[in-house]
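Student: Please pick one part of this model and look at it closely. Then place it in the rest of the model, and tell me how far to trust each region.

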Amino acid sequence: MGSVIETSSLAPPEDLYAFEPVAGRVAFLDQRMRLRLAESLGYIWLQANGQLDLSPDRFEQFLIRLERHPVPPLAFSLYCETVFAIEEDDLAQAAGLLGELTGLPPASGLTIINLADPRHDASARRYASFVDAGSGMDFEVFPPAPKAAASCREQIRGAFDLMDAGDPELAAEIRALLREVVLAAGIEDPDPKAMTFDGASASMLWGAIILNANRRDGTLGMVQMLAHESAHNLIFGLCAEEPLVENPPEELYPSPLRVDPRPMIGIYHATFVTARMHRVVRRLAESGVLPASLQEKAGKELADNRRLFEQGIRVVREHGRLTALGEAIIRGAEAYMASA
Amino acid sequence: MKATTKRVKLDRSKLFGFSQVKPGHTDPGAEARRAGVGMKTVGSKAVGIKAIGIKTIGIKATGIRSAVPR
């Protein structure tokens with residue numbers, strides 16, 4: 001069962017590694033992600049050699065569709081689970097997962113959905129499994145309350161309105177990158193030091209971000225959240241075929257965005273997305289679209305993001321062993337911050 | 001009872017997302033693919049903490065498996 005398109009035949013756009021938003025490159029990234037997924041699924045099928053209880057026609061038709069059309073983010077997590085199931089020698093489970101995968105509808109446009117209850121819904125459990133911060137800080141994830149979800153949708157709408165007016169390039173790139181915004185809820189603990197999740201994205205949920213619908217930092221906060229999470233997705237797409245850093249994950253360093261030390265790849269991501277957050281706030285502030293009520297907040301956010309970026313880039317430059325790809329991407333963020 | 005010999009053998013180096021996984025780690029993309037988990041204190045405005053968290057987790061056939069956090 002071979003691929004009809006070779007990933008090596010895809011021509012990357014010239015501005016693939018640009019720091020500035022470029023919606024046009026996302027089509028390349030998305031197709032490369034899907035082709036790599038199709039290649040791996042084809043390999044799995046060949047290795048299984050008829051031991052997976054699934055119609056070959058149905059599987060082949062799906063691979064053809066996968067190579068040609070965008071798919072929902074869950075396609076990547078279903079593939080990931082399939083590999084684990086096969087490695088556990090649970091071929092019935094693997095076949096069931098592939099059945100689910102091949103039954104996914106094509107994706108089109110950006111949709112906002114409410115997380116279902118992970119206790120009863122397998123897809124919701126998949127999304128929730130990615131909201132996991134590590135270092136022993138695990139978060140419970142719940143369906144959002146209707147009022148919180150409605151408020152969050154309003155913030156997202158307001159955020160896109162602001163970006164459409166003041167930063168249309170980023171708005172277009174985010175719409176190209178994201179297929180799903182999943183609204184969920186974290187714990188509402190009365191203890192102000194209790195930890196809750198803020199947002200999440202993962203390469204095995206390519207095209208999805210998960211937001212805590214209980215967030216209360218308003219439209220400008222939502223603009224930054226969308227810039228932040230979409231930037232993670234952008235990096236996931238850019239590093240689909242090669243790593244960004246060579247530091248082993250056991251090496252831990254101070255993080256600009258987290259109280260506990262993190263691996264270099266986490267510092268790298270945090271540093272890049274912080275620059276993207278700075279960029280969108282600056283662009284909106286300079287474009288004159290921010291109401292007076294948000295201008296003071298914008299100034300504070302710019303200062304905070306610059307401070308966090310400087311903390312992060314210092315660690316990256318001092319300790320990071322970057323690949324050529326990693327260097328190419330972070331250099332753009334550094335150049336932007338130097339000029340801003 | 002599961003067979004001691006796997007019926008389907010997969011070479012991770014040929015699998016998208018798994019090829020960069022270091023020996024001993026189970027999760028594709030490991031830390032990298034979880035770079036996008038942000039968290040904060042419920043009262044983060046007062047405390048002033050922003051955070052990005054990443055963790056290796058995988059999903060077993062029976063449900064969700066959390067690997068040892070680093």
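Tutor: Start with helix α3 of chain A, residues 74–87. Of the 14 residues of α3(A), 13 are buried, and the helix is mostly covered. Buried means that 20 or more other C-beta atoms lie within 10 Å of the residue's own; 12 or fewer makes it exposed, anything in between partly exposed, and C-beta atoms are placed from the backbone. Helices (H or I, at least four residues) and strands (E, at least two) are DSSP runs, numbered from the N terminus.

This is a predicted model: local features need pLDDT of at least 70, side-chain atom pairs count only at pLDDT 80 or more, and totals for chains, interfaces and linings use all residues. Residues are numbered from 1 along each chain as its sequence is written, while chains are lettered from A and ligands numbered from 1 in the order in which they are written.

Now the geometry of α3(A). Its end C-alpha atoms are 20 Å apart, which agrees with the 20 Å that 14 residues should span at 1.5 Å a residue. The expected span is 1.5 Å times one less than the number of residues. After α3(A) comes A:Asp89, with a positive phi near 65°.

Set a second helix beside it. Helix α10 of chain A covers residues 292–319, 28 in number. The expected span of α10(A) is 40 Å and its end C-alpha atoms are 41 Å apart, in agreement. Its buried residues include A:Glu301, A:Asn305, A:Leu308 and A:Phe309. Among the elements that cover the buried residues of α10(A) are α8 (218–238), α9 (264–287) and α11 (324–339) of chain A.

Next, the domains. The assignment, automatic or from a database, splits chain A into domain 1 (7–102), domain 2 (109–225) and domain 3 (239–340). The centres of domains 1 and 3 of chain A are 30 Å apart, taken over C-alpha atoms. Six residues of domain 1 of chain A contact seven of domain 3 of chain A; a contact puts two C-beta atoms, placed from the backbone, within 7 Å. The domain 1 side of that contact has four nonpolar residues, no polar ones and two charged ones.

Then the strands. Two strands pair if DSSP finds at least two bridges between them. Strand β1 (residues 111–114) of chain A runs parallel to β2(A), over four bridges. There A:Ile113 stands opposite A:Val182. β2(A) also pairs in the parallel sense with strand β4 (residues 208–212) of chain A, over five bridges. A:Glu180 faces A:Ala208 in that pairing, and A:Ala184 has A:Asn212 as its bridge partner.

Burial follows. Strand β2 (residues 180–184) of chain A has four of its five residues buried. In β4(A) five of the five are buried, so β4(A) is largely enclosed by the rest of the structure. In a regular strand the side chains alternate between the two faces of the sheet. In β4(A), A:Ala208, A:Ile210 and A:Asn212 point one way, A:Ile209 and A:Leu211 the other, and all are buried.

For contrast, take a loop. A:Ala145 sits between α5 (122–129) and α6 (146–166) of chain A. With 14 other C-beta atoms within 10 Å, A:Ala145 is partly exposed. A:Gly332 is 187 residues from A:Ala145 in sequence and 40 Å from it in space, C-alpha to C-alpha.

Last, confidence. pLDDT is the predictor's confidence in each residue, from 0 to 100. Chain A has a mean pLDDT of 91, with 93% of its residues at 70 or more. Among the elements of chain A, helix α7 (residues 168–177) has the highest mean, 98, and strand β3 (residues 195–200) the lowest, 78.

Chain B averages 50, and 21% of its residues score at least 70. Its elements run α-β-α-β-β-β from the N terminus on. Within chain B, strand β1 (residues 37–41) has the highest confidence, a mean of 57, and strand β3 (residues 57–60) the lowest, 27. Residues 29–33 of chain B fall below 50, with 22 contacts beyond near neighbours in sequence. Residues 42–70 of chain B stay under 50, with 98 contacts beyond four places in sequence. Of the 70 residues of chain B, 44% count as buried. For the complex, the predictor gives an ipTM of 0.85 and a pTM of 0.87.

Technical notes: Nonpolar A, V, L, I, M, F, W, Y, C, P; charged D, E, K, R; others polar.
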